[in-house]
Amino acid sequence: GLSLYEYEYKINSSVAFACPSLQAKSHRANSKQSEKPPSSPDPANAEAPITMVTVSVKWQKEVYPAVEIDTSQPPYVFKCQLYDLTGVPPERQKIMVKGGLLKDDADWSKVGVKEGQRLMMMGTADEIVKAPEKGPIFVEDMPEEEQVVNVGHSAGLFNLGNTCYMNSTVQCLHSVPELKSSLTEYTQLGKSNDLDHSSHLLTVATRDLFNDLDKNVKPVAPMQFWMVLRKKYPQFGQQSNGAFMQQDAEECWTQLLYTLSQSLKSPSSSEGQDIVKTLFGIDFDNRIHCAESGEESTETETVYSLKCHISQEVNHLHEGLKRGLKSELEKASPSLGRSAVYVKDSRINGLPRYLTVQFVRFFWKRESNQKAKILRKVDYPLSLDVYDLCSDNLRKKLEGPRQVLRDAEGKKAGLKTSAKTPVSTDSDTKMTEAEESSSGSGEASKSASQEGVLPEKEHQLTGIYDLVAVLTHKGRSADSGHYVAWVKQENGKWVQFDDDNPIPQREEDITKLSGGGDWHMAYICMYKARVVPM
């Protein structure tokens, strides 16, 4: 039998092109309704229980005895299930129900389908077109895995109803090969005992969706992932007037990474190595002091993104990040016996492989009791150097790798290397690897591991990062508009993932997504570390 939660949908690209109505829905799906500011999951906001009806379906000589219908979804979704079973495209399906044929947008309550009812379906399945044994091979005749390589980018994602926030988040995180590798290794056996079942299901759904994106050229419908995400985090299932509401992409990003950080911890390690922390975690050293009382304390914390607070003085990302390292907070003072103002000074003491930056564009406006958006233009670079945001201790660790990187870039430009660089028998090899690493393509470490070149050398961070993904929001309101992902592919080319429509882009146009109007403006930027072998 089919279960919408356990059965892993493999709705491939053929469904997309067989179902033009879904494409039309994806362009109508971004008329948002007002929402409350992002918050932790609230049972009061949980969606109503899904009404499931199990029926049998007879098609030709085949009988499918237990097919589940989610009556909260339109009949079109049910037809997509039958397409997956029979190969009959939805527009060819003729399903007999009370009163005639089942329409794509029919109301299930009026159709009157009952538990255990047998439905009759007529229609012919798609013919399997065989490629000629000899002669030229066209791209469309290749297996989809080979088509992905030739096209140069993975598949798009269908909008299932105000799910552009989810689609753009998935596309950005899908571009991290180390995360995909960890998900591939995740199995039921690797599940830790203290991991809840909904987190396990969301991890499995993420793994399978990433695999589907890699294997398909034509758009994928993320049905299973969406349903499990709503089950784990009910706020993403909020509805208004019978339609799912638009949600915050940053909240989706944060919740998904949190779940993966719990499920992808290595069970073999006594401390439980956190792969997500290694890839995205940023360690801070904080100094908190009160000028009035003279009190001072220190603390450490780990966050998964840097915040760029936008004000009239901030015109560039680096300015916003630097200002964000110093903040004021009010709390009780033990020595004064009352509340006092404390100043919090922060410095980065540990860097990740992928640095995530959020532009704080949305805020809660008390006067109007709604979310507002800051449209101010804030420029950001293709290469970001965070050296001056780091603690003295981390700066010392970065000096060696940064010198190797400077020498490599100098050699590439035909300049003499620094006399401070230690001379060794493998210096030429080190310089070559550093040159490749400085390109930011990520090919150096891959080729080194594959060819066995200096496997004992560890690739160390330099504090310099290269832009690999941008998640944008288009529109003037926080409660309406559209999210889109702009992702750098392994071949170095940029692709705009506008739901199911991947569009190649020029690199020089990526930094123009800086805001200031109604066009797409950066909301989240993801940078990849530039590393050198040491």
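The following exchange asks how several descriptions of this predicted model are justified.

User: What should be known about the model before its values are read?
Analyst: This is a predicted model, in which local features need pLDDT of at least 70 and side-chain atom pairs count only at pLDDT 80 or more, while totals for chains, interfaces and linings use all residues. Residues are numbered from 1 along each chain as its sequence is written, and side-chain values use heavy atoms, with hydrogens and water left out.

User: How many helices and strands are there in the protein chain, and what makes a run count as one or the other?
Analyst: The protein chain has 16 helices and 21 strands; these are DSSP runs numbered from the N terminus, helices being H or I with at least four residues and strands being E with at least two.

User: Why is the pair of Tyr165 and Phe236 called stacked?
Analyst: Eight aromatic pairs are found in a search of the whole structure. Rings of Phe, Tyr and Trp (its six-membered ring) pair if their centres lie within 6.5 Å, and planes under 30 degrees apart count as stacked, over 60 as edge-to-face and the rest as tilted. The ring centres of Tyr165 and Phe236 are 5.7 Å apart and their planes stand at 20°, so this pair is stacked. It links distant parts of the chain, since Tyr165 is in helix α6 (residues 164–174) and Phe236 in the loop between α9 (223–232) and β6 (239–240), 71 residues apart.

User: Why is the pair of Phe280 and Tyr354 called tilted?
Analyst: With centres 6.1 Å apart and planes at 40°, the rings of Phe280 and Tyr354 form a pair that is tilted. Phe280 belongs to helix α11 (residues 275–280) and Tyr354 to strand β13 (residues 354–360), so the pair ties together parts 74 residues apart in sequence.

User: What makes α6 mostly covered?
Analyst: Buried means under 20% relative accessible area, exposed over 50%, and partly exposed in between (1.4 Å probe, protein chains only). In α6, 11 of its 11 residues are buried, including Tyr165, Met166 and Leu173. Phe236 is buried as well, as are both Phe280 and Tyr354.

User: How do you know that the charged end of Lys232 sits over the ring of Tyr233?
Analyst: A charge sits over a ring if NZ of Lys or CZ of Arg is within 6 Å of the ring centre and within 35 degrees of the ring normal. The charged end of Lys232 sits over the ring of Tyr233, 5.7 Å from its centre, and that of Arg395 sits over the ring of Tyr387, 5.4 Å from its centre. Tyr233 also forms one aromatic cluster with Tyr165 and Phe236.
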